[in-house]
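Colleague: Could you take me through one part of this model up close, and then show me how that part sits in the whole? I am new to this, so please go step by step.

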Amino acid sequence: EAQLVESGGGLVQAGGSLRLSCAASGFALDDYAIGWFRQVPGKERERLACMNFGDTNAFYIGSVKGRFTMSSDSAKNTVYLQMDSLKPEDTGVYFCSAHITPSEAYWGQGTQVTVSP
């Protein structure tokens, strides 16, 4: 029943911006921690950012800090990842995850982001 759906990916040129959405259905995100992940072929899925839903503070890894921003909207039961100053190395499949504990997590299907040089 519980489901996460990512959207907003696409093809952009280097320096451009995208906003990814992660919409939840079947459960409320208010009690969850949210993470954004990226996976490229042949590489392990990498956590990029995380926050507690509804908070203003978020954690970002160094490669995206200052360029990516997480936010949440309780009314829409949705989290966002604003991606600015995109680089070709940002290319990959982006996933969102919601979890109360490490063993209880929901994952979306992913959305493709491609950044051309």
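**A close look at His99**

Modeller: Happy to! With a relative accessibility of 17%, His99 counts as buried, because buried means under 20%. Keep in mind as you look that this is a predicted model.

Let's place the residue next. His99 belongs to strand β9, which covers residues 92–101. Now look at what surrounds the side chain. His99 and Arg47 are joined through their side chains by a polar contact of 3.1 Å. Arg47 also appears in the wider list of contacts: setting aside neighbours within four places in sequence, His99 touches Tyr32, Ala33, Arg47, Glu104 and Ala105.

Now let's step back to the whole protein. Strand β9 is one of eleven strands, and there are zero helices. Reading along the sequence, you would write the pattern as β-β-β-β-β-β-β-β-β-β-β. Among contacts with a separation of 6 or more, 53% are between residues 24 or more positions apart.

How does the overall form compare with a compact globule? For 117 residues, such a globule would have a radius of gyration near 13 Å, and the protein has 13 Å, so the two agree. The C-alpha trace spans about 40 × 30 × 20 Å along its principal axes.

As for burial, 41% of the 117 residues count as buried, and His99 is one of the buried residues. The accessible surface of the protein is about 6100 Å², with 49% of that belonging to carbon and sulfur atoms. Finally, the charges: there are 9 positive and 12 negative ones, and their mean positions lie 9 Å apart.

Definitions and conventions. Residues are numbered from 1 along each chain as its sequence is written. This is a predicted model: local features need pLDDT of at least 70, side-chain atom pairs count only at pLDDT 80 or more; totals for chains, interfaces and linings use all residues. Side-chain values use heavy atoms; hydrogens and water are left out. Helices (H or I, at least four residues) and strands (E, at least two) are DSSP runs, numbered from the N terminus. Buried means under 20% relative accessible area, exposed over 50%, partly exposed in between (1.4 Å probe, protein chains only). A polar contact is a pair of N or O atoms within 3.5 Å; within protein, one must be able to donate a hydrogen and the other to accept it, and residues adjacent in sequence count only if both atoms are side-chain atoms. Contact means heavy atoms within 4.5 Å. The radius of gyration is taken over C-alpha atoms; the globule rule is 2.2 Å times the number of residues to the power 0.38. Accessible areas come from the Shrake-Rupley method with a 1.4 Å probe; for residues, only the protein chains shown count as cover. Lys and Arg count as positive and Asp and Glu as negative; His and the chain ends are not counted. The place of a charge is taken as NZ of Lys, CZ of Arg, CG of Asp or CD of Glu.
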